[in-house]
Amino acid sequence: MRKKIVFMLLALLVVLVSGCTDQNKEIVVDEPGNISNYEYEVFLNESGNQTLANTTTYYLLEDDTKVQVVNIAVNTSRLEIYPPETLGGGREENPIQNFVLLVDPANEPTAAPQTFEELSRRNETSDLNYTLTQEISRNMKVINLEFEEPVTGFIAYTLDVPGTQSFAFLKPDSEFIRVVLPEGYVTGNRVFGIPRPEPESVTFDEKGRQTLLWISSKMGEREEAIQVKYYTESAPLFFSAAIIALLCGVGFVLLHYARSRKELESVRGIFELEKEYNQKRRRRK
């Protein structure tokens, strides 16, 4: 009996250990990503004091199966990444792609716009020690990026997303959160989709792309998820044209029905007159 109990405990221990190992695994980046694939915009606080803060910018692509993410890191040693397509805890082999580091130890550069401008012009990625680990927490995938010391600069990567025009993600640990829509796409129409929660501001950049901004300190702790439904600029126009065409079609059908009914009533009236005339002839006979 004791042997059976010991055996069951050992088996349970093996299952628990294997489960923990599967829940937390290291991600190995074989080679640095392509620096030129990303946009390194130095986003400044709009308050006018030209200060920099941790900022996460999501660049949505016309190929709606991927999103490019560029982080402005200011004196940061740890970054949590929640891939949008893994809220169900999926376990893809390459959860993060085209990983680029343009950072320096935080004690070396000053977190000033000039520093980030210089980093954005680099041709080689930073050679700093870091670890990337993936874990499943509360049925959600989390990718942890950790440095040996705090860094300042750009951290860029590409994530997979569902192939739909609806982008949802958990609020990152950044003061500023930005979503840049593809060229020719917009959001804000209640019929086609609106962003939730409501962004702090909606602007257009130099390329004509609609850009949404959220500020973490103004969102509150409950607003952990952000969702953006977007559509082509011409979609409302085509929809309106389709509605007008449908209404015209309904009007034509009703008009045709009214005319047909009137003609039927005229024919019925003729039959009634003819019937009445025949009855009178029979009475005379």
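A polar contact here is a pair of N or O atoms within 3.5 Å, where one must be able to donate a hydrogen and the other to accept it. Keep that in mind for the first stop, and remember throughout that you are looking at a predicted model.

**Stop 1: Asn71 and Asn75 in strand S3**

Select Asn71, which you will find in strand S3. Show its side chain together with that of Thr56: a polar contact of 2.8 Å joins the two. Is Asn71 buried or exposed? Its relative accessibility is 4%, so Asn71 counts as buried. Now bring up its surroundings. Leaving out residues up to four places away in sequence, Asn71 touches Thr55, Thr56, Leu79, Gly153, Phe154, Ile155, Tyr157 and Ser174.

Next, move along to Asn75, which also lies in strand S3. Asn75 has a relative accessibility of 51% and therefore counts as exposed. Draw a C-alpha to C-alpha distance from Asn75 to Pro150: these residues are 75 apart in sequence, yet 5.1 Å apart in space. Beyond its neighbours within four places in sequence, Asn75 is in contact with Ala106, Pro150, Val151 and Thr152.

**Stop 2: helix H2**

Now select residues 113-120, helix H2, and colour its buried residues: Thr115, Phe116, Leu119 and Ser120. Turn the view until you look down the axis of H2; the buried residues fall within an arc of 135°, so they line one face of the helix. On the face turned away from that buried side, pick out the exposed residues Gln114 and Glu118. What covers the buried residues of H2? The cover includes strand S3 (66-81), strand S4 (97-105) and strand S6 (140-160).

**Stop 3: the nonpolar cores**

Start with the largest nonpolar core, which has 33 residues; Ile96, Ile155 and Phe167 touch the most other members. At least two residues of this core come from each of several strands, including S2 (55-60), S7 (166-170), S8 (176-180), S11 (210-215) and S12 (225-229). Strand S6 gives the most to this core, with seven residues.

Centre the view on Ile96 and show its contacts. Not counting residues up to four places away in sequence, Ile96 touches Ile27, Ile81, Leu132, Ile143, Tyr157, Thr158 and Leu159. Apart from this core lies another, of 21 residues. Its members include Leu119, Ala156, Phe176 and Val180. You have already met Leu119 as one of the buried residues of H2.

**Stop 4: aromatic rings**

To finish, show the rings of the aromatic residues; the model has eleven aromatic pairs. Begin with Phe99 and Tyr130, a tilted pair at 5.3 Å centre to centre with 50° between the planes. Phe99 sits in strand S4 and Tyr130 in strand S5 (residues 130-137), so the pair ties together parts that are 31 residues apart in sequence. Phe99 is buried, with a relative accessible area of 5%, whereas Tyr130 is partly exposed at 30%.

Keep Tyr130 selected and add Phe147. This pair is tilted too, with 6.4 Å centre to centre and 55° between the planes. The pair links distant parts of the chain, with Tyr130 in strand S5 and Phe147 in strand S6, 17 residues apart. Phe147 is buried, at a relative accessible area of 10%.

For a last view, select Tyr38, Tyr40, Phe116 and Phe154, which form one aromatic cluster. Two of these names are familiar: Phe116 is among the buried residues of H2, and Phe154 is one of the residues that Asn71 touches.

Key. Residues numbered from 1 in each chain as written. Predicted model: local features only at pLDDT ≥ 70, side-chain atom pairs only at ≥ 80, totals over all residues. Heavy atoms only, no water. Buried < 20%, exposed > 50% of the residue type's maximum accessible area, 1.4 Å probe, protein only. Helix = DSSP H or I, 4+ residues; strand = E, 2+ residues; numbered from the N terminus. Arc of directions from axis to C-beta. Contact = heavy atoms within 4.5 Å. Core = buried A, V, L, I, M, F, W, Y, C linked by side-chain atoms within 4.5 Å. Phe/Tyr/Trp six-rings, centres within 6.5 Å; stacked < 30°, edge-to-face > 60°.
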